[in-house]
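Welcome! Here are some exercises with worked solutions, so take a look at the fold and then work along.

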Amino acid sequence: TAIDTGHTTGTKWYFAVYNDKLIFGNRADVVRKWDGTTVANLGGSPPLAGGPIVVHGNRVFMLNGVTKSDLTWSALDAEEDYTTPTNAGVVTVSTNDGSDLMDLVPSVNELVLLKGARPYRLQGTSPATFTITNVVPTTGSVGAVSTQAALFALNDVWYLGTPGLTR
């Protein structure tokens with residue numbers, strides 16, 4: 001049974017569950033939510049075309065399908081608040097590396113941001129303490145090549161990079 005229709009065809013879909021709501025987007029259409037009964041637009045001014053979408057540290061994080069180096073996060077414990085100063089926000093991640101943000105991977109104490117040129121890590125517990133730094137593995141920085149081939153396992157982030165499976 002279809003719960004929602006009328007979206008851009010040929011797109012990849014991204015899903016996250018938070019506060020008993022399914023939050024979903026495809027980087028082309030308005031981000032939506034489903035509470036088990038009703039489908040509606042996600043409130044609070046998230047990116048108009050969001051995805052991938054993940055939950056990390058009691059916040060919803062998502063990429064912007066229009067401004068493709070932007071990372072947006074919700075206010076703490078409020079998946080429909082993207083505008084409260086000092087709590088919700090958006091940051092542009094290294095536009096000078098010539099690549100787009102492709103995927104997000106929550107891990108133990110950080111959120112890994114995968115771009116086509118290299119991975120970055122977001123650390124901190126609130127916007128006041130968030131820092132974004134390069135991930136520089138001993139093999140050098142390797143960018144991601146897929147928006148759906150990354151995960152946290154064995155206390156590390158694994159993703160599909162240009163040479164193959166990368167961590």
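**Exercise 1. Find the order of the strands in the open sheet that contains β6, and name its edges.**

Step 1. Four strands make up this open sheet, arranged β5-β6-β7-β8 with antiparallel pairing. Strands here are DSSP runs of E with at least two residues, helices are runs of H or I with at least four, and both are numbered from the N terminus. Two strands pair if DSSP finds at least two bridges between them.

Step 2. The edges are β5 (50-56) and β8 (89-92), each pairing on one side only.

Step 3. On average, neighbouring strands are turned by 20° against each other, direction ignored. For such angles, axes are lines fitted to C-alpha atoms, for helices over the stretch in contact, and angles run from 0 to 180 degrees between N-to-C directions.

Step 4. Look inside the sheet: β6 and β7 are joined by three bridges, and Met62 stands opposite Thr72 in β7.

A note before going on: this is a predicted model, in which local features need pLDDT of at least 70 and side-chain atom pairs count only at pLDDT 80 or more, while totals for chains, interfaces and linings use all residues. Residues are numbered from 1 along each chain as its sequence is written, and side-chain values use heavy atoms, leaving out hydrogens and water.

**Exercise 2. Work out which elements give two or more residues to the largest nonpolar core.**

Step 1. A nonpolar core is a set of buried Ala, Val, Leu, Ile, Met, Phe, Trp, Tyr and Cys residues joined through side-chain atoms within 4.5 Å. Buried means under 20% relative accessible area, exposed over 50%, and partly exposed in between (1.4 Å probe, protein chains only).

Step 2. The largest core has 13 residues, and Phe61, Leu71 and Leu122 are among those with the most contacts inside it.

Step 3. The elements are β6 (59-64), β7 (70-73), β9 (101-106), β10 (110-115) and β11 (119-123).

Step 4. Another core, of nine residues, lies apart from it and includes Tyr18 and Met62.

**Exercise 3. Is Arg32 buried or exposed?**

Step 1. Locate Arg32 in strand β3 (residues 32-34).

Step 2. Its relative accessible area is 15%, so Arg32 is buried.

Step 3. The side chains of Arg32 and Asp4 share a polar contact of 3.0 Å (a pair of N or O atoms within 3.5 Å; within protein, one must be able to donate a hydrogen and the other to accept it, and residues adjacent in sequence count only if both atoms are side-chain atoms).
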